[in-house]
Amino acid sequence: MDVDKGLITFDSVKQNAAVLGLQDLTDDDLKNMFREGDLDGDGALNRMEFCVLMFRLSPDLMEQSQFLLEEALQQELKDFY
């Protein structure tokens, strides 16, 4: 995240690409990713836009989240009855 802007910018992602597992993406790939995730059109990603984008680009993360949600719902039903 760009600390001064409080947003995730192209430059901040490029600088942290290896940490995010994005080191193999080209600049064009990263720019396309930003266009896809930038829901409000400000040229940067806020935390919510970034999280939504990462979930969309990470099917394993989505599957794990679905499993955890189903597990939590089953526990709620057990507690309810």
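How many helices and how many strands are there in the chain? In this predicted model, the count comes to 5 helices and 0 strands. Read from the N terminus, the elements simply go α-α-α-α-α. The chain is also more spread out than a compact globule, because its radius of gyration is 16 Å, well over the 12 Å that the globule rule gives for 81 residues.

A few other overall values help to fill in the picture. Taken along the principal axes, the box filled by the C-alpha atoms is roughly 50 × 25 × 20 Å. Buried residues account for 22% of the 81 residues. The accessible surface adds up to about 6,300 Å², and carbon and sulfur atoms hold 54% of that. As for contacts between residues at least 6 apart in sequence, 28% of them link residues at least 24 apart. Then there are the charges: the chain has 7 positive and 18 negative ones, and the mean positions of the two sets lie 4 Å apart.

Helix 3, which spans residues 27-37, is a good place to look at how a helix can have two sides. Its residues Leu30, Met33, Phe34 and Gly37 are buried. They sit on the same side of helix 3, because the arc they cover around the axis is only 100°. A general bit of helix geometry is handy here: an α-helix has 3.6 residues a turn, so residues three or four places apart point the same way. Over on the other side of helix 3, Asp28 and Arg35 are exposed. And what do the buried residues of helix 3 pack against? Their partners are helix 1 (10-15) and helix 4 (47-57).

Two residues from the earlier part of the chain tie into this picture. Thr9 belongs to the segment before helix 1. Is Thr9 buried or exposed? With a relative accessibility of 10%, Thr9 counts as buried, because the cut-off for that label is under 20%. Setting aside neighbours within four places in sequence, Thr9 touches Asp2, Phe34 and Ala44. Phe34 is one of the buried residues of helix 3.

Lys14, by contrast, is part of helix 1. Its relative accessibility is 43%, so Lys14 counts as partly exposed. Again setting aside neighbours within four places in sequence, Lys14 is in contact with Asp27 and Leu30. Leu30 is another of the buried residues of helix 3. Lys14 and Asp27 are 13 residues apart in sequence, and their C-alpha atoms are 8.0 Å apart in space.

Technical notes: Residues numbered from 1 in each chain as written. Predicted model: local features only at pLDDT ≥ 70, side-chain atom pairs only at ≥ 80, totals over all residues. Heavy atoms only, no water. Buried < 20%, exposed > 50% of the residue type's maximum accessible area, 1.4 Å probe, protein only. Helix = DSSP H or I, 4+ residues; strand = E, 2+ residues; numbered from the N terminus. Arc of directions from axis to C-beta. Contact = heavy atoms within 4.5 Å. Rg over C-alpha atoms; globule rule 2.2 N^0.38 Å. Areas by Shrake-Rupley, 256 points an atom, 1.4 Å probe, with all protein chains shown as cover. Lys, Arg positive; Asp, Glu negative; His and termini not counted. Charge placed at Lys NZ, Arg CZ, Asp CG, Glu CD.
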